[in-house]
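Trainee: I'd like to learn how to read a model like this one. Could we start with what it takes to call a residue buried?

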Amino acid sequence: MRMTISKDDSKGQQLRRKHVPQRSCVACRQVRDKRNLVRLILAAGTVEIDIKGKKPGRGVYLCSQRQCWELGLKGNRIEYGLRTRLSSENRRMLLEYGTGLPLKEVT
Ligand SMILES: [Zn+2]
């Protein structure tokens, strides 16, 4: 069977709105664009920061702002999300990363 592919050249109609995946932060629960969040994954028993967000496996997300890291690491939300236990060293490593993030602008 032959299909005639009509070249539907609708370039001018294309909306310049890209689909951005939405994820929610485990600390503040706010739903944001994935690119505004930092992904954490479990790799060999250690919670790691997945900067590019491309590593396979279960992941949780935190806003790239200090408050969420402090809040997220204070409780067991990350542990719960990743079904793991954070060692104190692991927690400290993550908190350290959070310290380098900007604070949320207070509105
Ligand atoms: Zn957050």
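Mentor: Sure. A residue is buried if 20 or more other C-beta atoms lie within 10 Å of its own, and exposed if 12 or fewer do. Keep in mind that this is a predicted model.

Trainee: Then is Leu40 buried or exposed?

Mentor: Leu40 has 23 other C-beta atoms within 10 Å, so it counts as buried. You'll find Leu40 in strand β3.

Trainee: Which residues is Leu40 in contact with, leaving aside its neighbours within four places in sequence?

Mentor: The list is Val47, Glu48, Ile49, Asp50, Gly59, Val60, Leu62, Ile78 and Leu82. One of them, Ile49 in β4, stands opposite Leu40. For a sense of reach along the chain, take Gly81: it sits 41 residues from Leu40 in sequence, yet the C-alpha atoms of the two are 9.8 Å apart.

Trainee: And how much of the protein counts as buried?

Mentor: Of its 107 residues, 19% do. As for contacts with a separation of 6 or more, 56% of them link residues 24 or more positions apart.

Trainee: Let's move to the overall layout. How many helices and strands are there?

Mentor: The protein has three helices and five strands. Along the sequence they come in the pattern β-β-β-β-β-α-α-α.

Trainee: How do I read the sheet that holds β3? What is the order of its strands?

Mentor: Think of a sheet as a list of who pairs with whom. Here it is an open sheet of three strands in the order β4-β3-β5, paired antiparallel. β4 and β5 are at the edges with a single partner strand each, so one side of each has no neighbour in the sheet. On average, neighbouring strands of this sheet are turned by 35 degrees against each other, direction ignored.

Trainee: What joins β3 to its partners? How many bridges are there to β5, for instance?

Mentor: Strand β3, residues 37–43, pairs with β5, residues 59–63, over five bridges in the antiparallel sense. One facing pair there is Leu37 and Cys63 of β5. On the other side, β3 is joined to β4, residues 46–50, by five bridges, and these two strands also run antiparallel. In that pairing, Ala43 stands opposite Thr46 in β4.

Trainee: What about the turn between β3 and β4? What is the phi of Ala44?

Mentor: First the general idea: most residues other than glycine have a negative phi. Ala44 departs from that, with a positive phi near 50 degrees in a hairpin that has two residues between its strands. Ala44 lies in the loop between β3 and β4. With 5 other C-beta atoms within 10 Å, Ala44 is exposed.

Trainee: Where does Arg29 lie, then?

Mentor: Arg29 lies in the loop between β1 (22–24) and β2 (31–33). It is not a glycine either, and has a positive phi of about 70 degrees. Arg29 has 9 other C-beta atoms within 10 Å and is exposed.

Trainee: Now the helices. At what angle do α1 and α3 pack?

Mentor: Helix α1 (residues 66–74) and helix α3 (residues 88–99) pack at about 165 degrees, and their axes are 8 Å apart. Angles over 145 degrees count as roughly antiparallel, so α1 is roughly antiparallel to α3. Their crossing is left-handed.

Trainee: Which residues make the contact between them?

Mentor: From α1 you have Arg66, Trp69, Glu70 and Leu73, and from α3 you have Arg91, Leu94, Leu95, Tyr97, Gly98 and Thr99. Sorted by class, the contact of α1 with α3 has five nonpolar, two polar and three charged residues.

Terms used: Residues numbered from 1 in each chain as written. Predicted model: local features only at pLDDT ≥ 70, side-chain atom pairs only at ≥ 80, totals over all residues. Pairing = 2+ DSSP bridges. Helix = DSSP H or I, 4+ residues; strand = E, 2+ residues; numbered from the N terminus. Axes fitted to C-alpha atoms, helices over the stretch in contact; angles between N-to-C directions. Parallel < 35°, antiparallel > 145°, perpendicular 65-115°, else oblique. Left-handed = near helix turned anticlockwise from the far one by under 90°. Contact = placed C-beta atoms within 7 Å. Nonpolar A, V, L, I, M, F, W, Y, C, P; charged D, E, K, R; others polar.
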